[in-house]
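Work through the exercises below with the structure open beside you, and try each task before reading its solution.

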Amino acid sequence: MNPYILATLLFGLGLGTTITFASSHWLLAWMGLEMNTLAIIPLMAQHHHPRAVEATTKYFLTQAAAAATLLFASITNAWLSGQWEIQQISHPLPSTIIILALALKIGLAPLHAWLPEVLQGLDLTTGLILSTWQKLAPFVLLLQIHPTNPTMLIILGLTSTLIGGWGGLNQTQLRKILAYSSTAHMGWMILILQFSPSLTLLSLLTYLIMTSSMFLVFKFNKSLNISTLATSWTKAPALTALTPLLLLSLGGLPPLTGFMPKWLILQELTKQDLAPTATLAALTALLSLYFYLRLSYAMTLTISPNNLTGTTPWRFPSSQLTLPLAISASMTICLLPLTPAAIALLTP
C-alpha cells in the first residue's frame, strides 16, 4: 500500500476514535464511529484475497447495522427526552438499544458471531488493530451512558465469558482463538462496568497490552494455526520459552499481569453481593485457560516433524521490528506488583 494512503487511513482511524472520545453529542459520536469503520476497511481489503474481501464485507455490514441501530436509538432518545447529550439517557428503551448496538460493535456474545469469521480473513497486523484500537470508541460510549439496565449487562457479560471460553476449545486457527479470547475478556469488562467503571478501564488496558503481545508473537513467528507453532523453537528459542507466560497471563494466572483485573473484578462482584455471578465468571475463565494451555503445549512441548537432512543449519536474520513486542511482553509478564498502585488510583 502507498505510504501516503496508509498514513491517511491511520490518521482517519485515530481521528475517528478521538472524535468519539471528545464528543458529548450523539451525532458526533456516531460520526466518529463511522470514520473508524471507513478508515479500517481499506486496510482489511488491501491484500485482494477472496477471504480478505469476504471478511471486509462481513465487517462492513455488521458495523453498518450497529451504527444504524445506534443512530435510531439516539434519535428515539432525542424524541423522548428532547436532548442529544450522551450522558443524559434516562429512558430504558433507548438505553437498552444503545447497549445492544455497542455490544454488536465490540463483539459481545450473543452478538459475537461476526468476530471470529472476520478476524480469520485478516492478516495479523490488521487483526491487531481490530482487536485493540477498534474496541476503544464503543467502550468510551458504554462508560459514558451510565447503563440503567444492570441485569442485561450481567447477562451479556456472563454469556460472553462462557461463549468466549467454549467457542475457542475446538479451534485450530490462532486468529479465531484470539477472537474468542477477545469476546471472553470483553465479557469480564462488561460484568463490572456498572459497579466500577475505573476497574473496567484497568481491565481494558491490561487486555490491550496482553493481546498486542500475542498478535506480535504470532506475527514474528508467521504462525496462523496450531500446527505451525511447533516450528517456533528454531526461529526464536527465547521468545518461545516466554510465550507460555504470555498465554497464561491472558488466562489470568498469578503471578502474571492478567491475574490483576480478574482478581479485582471478582473482589468487587463479591462486595456487591453477587457471589454467584463471581463464581460463574471464575468457572467460565477455566474454559479459556484450557485453550491457552493447549497453545502453550503445542508451542513448547512438541517438536515439528523433521529429519537431519531436512533441518536447516542456518536461517536469515529477522528484519521485523522487535521493540514493541519486547515492551508489551515485558508488561504482560511483570505488571502484577503494580496492583497496590492501581487500587490506590481506582479508589476515590
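A cavity is a set of grid points where a 1.4 Å probe fits but cannot get out, and its volume is the space filled by probe spheres set on the points. The model used in these exercises is predicted.

**Exercise 1. Find which residues line the second largest cavity, and which helices supply them.**

Step 1. Begin with the volume, which for the second largest cavity is about 70 Å³.

Step 2. Next, list the lining, which is made up of His-185, Trp-188, Met-189, Ser-203, Thr-206, Tyr-207, Met-210, Ser-249, Leu-250, Gly-258, Pro-261 and Lys-262.

Step 3. Now assign the lining to elements: helix H9 (174-192), H10, H12 and H13 each give two or more residues to it, and the largest share, 4 residues, comes from H10.

Step 4. Finally, sort the lining by class, which yields 6 nonpolar, 5 polar and 1 charged residues.

**Exercise 2. Describe the largest cavity in the same manner.**

Step 1. The structure holds 3 cavities of 30 Å³ or more, and the largest cavity has a volume of about 90 Å³.

Step 2. Its lining consists of 14 residues, and those that lie nearest the centre of the largest cavity are Tyr-59, Gln-63, Lys-105, Gln-134 and Pro-138.

Step 3. Two or more lining residues come from each of helix H2 (26-44), helix H3 (50-81), helix H4 (92-106), helix H5 (114-120) and helix H7 (136-144), with H2 giving the largest share, 3 residues.

Step 4. By class, the lining of the largest cavity divides into 8 nonpolar, 4 polar and 2 charged residues.

**Exercise 3. Characterise the second largest pocket.**

Step 1. The space in the second largest pocket is about 240 Å³.

Step 2. Of the 11 residues that line this pocket, Glu-268, Lys-271, Ile-343, Leu-346 and Thr-347 lie nearest its centre.

Step 3. At least two lining residues are supplied by each of helix H10 (197-221), helix H13 (259-271) and helix H16 (339-346), and the largest share, 4 residues, belongs to H13.

Step 4. The lining of the second largest pocket has 5 nonpolar, 4 polar and 2 charged residues.

**Exercise 4. How are helices H12 and H14 oriented relative to each other?**

Step 1. Two packed helices are described by the angle between their axes and the distance between the axes.

Step 2. For helix H12 (residues 237-251) and helix H14 (residues 275-300), the axes come within 9 Å and cross at roughly 175°.

Step 3. Angles over 145 degrees count as roughly antiparallel, and H12 and H14 are therefore roughly antiparallel to each other.

Step 4. On the H12 side the contact is made by Thr-240, Thr-243, Pro-244, Leu-247, Leu-248, Leu-250 and Gly-251, while H14 contributes Leu-289, Tyr-292, Leu-293, Leu-295, Ser-296, Met-299 and Thr-300.

Step 5. Sorted by class, the residues of this contact between H12 and H14 comprise 9 nonpolar, 5 polar and no charged.

**Exercise 5. Compare the UniProt annotations with the model.**

Step 1. An unreviewed UniProt entry places the feature "transmembrane region" at several spans, including residues 151-170 and 323-346.

Step 2. In the model, residues 151-170 are 85% helix and 0% strand, with end C-alpha atoms 30 Å apart, and residues 323-346 are 83% helix and 0% strand, with end C-alpha atoms 30 Å apart.

Step 3. The unreviewed entry also gives the annotation "domain: NADH:quinone oxidoreductase/Mrp antiporter transmembrane" for residues 23-286, a span that is 74% helix and 0% strand in the model and whose end C-alpha atoms are 39 Å apart.

Notes
Residues are numbered from 1 along each chain as its sequence is written. This is a predicted model: local features need pLDDT of at least 70, side-chain atom pairs count only at pLDDT 80 or more; totals for chains, interfaces and linings use all residues. Side-chain values use heavy atoms; hydrogens and water are left out. Axes are lines fitted to C-alpha atoms, for helices over the stretch in contact, and angles run from 0 to 180 degrees between N-to-C directions. Angles under 35 degrees count as roughly parallel, over 145 as roughly antiparallel, 65 to 115 as roughly perpendicular and the rest as oblique. Contact means heavy atoms within 4.5 Å. Ala, Val, Leu, Ile, Met, Phe, Trp, Tyr, Cys and Pro count as nonpolar, Asp, Glu, Lys and Arg as charged, and the others, Gly among them, as polar. UniProt positions are given in the numbering used here, feature names are shortened, and annotations may be inferred rather than shown by experiment. On a 1 Å grid over the protein atoms alone, a cavity is a set of points where a 1.4 Å probe fits but cannot get out, and a pocket is an open set with protein on both sides within 12 Å along at least five of seven lines; lining residues have an atom within 4 Å of a point.
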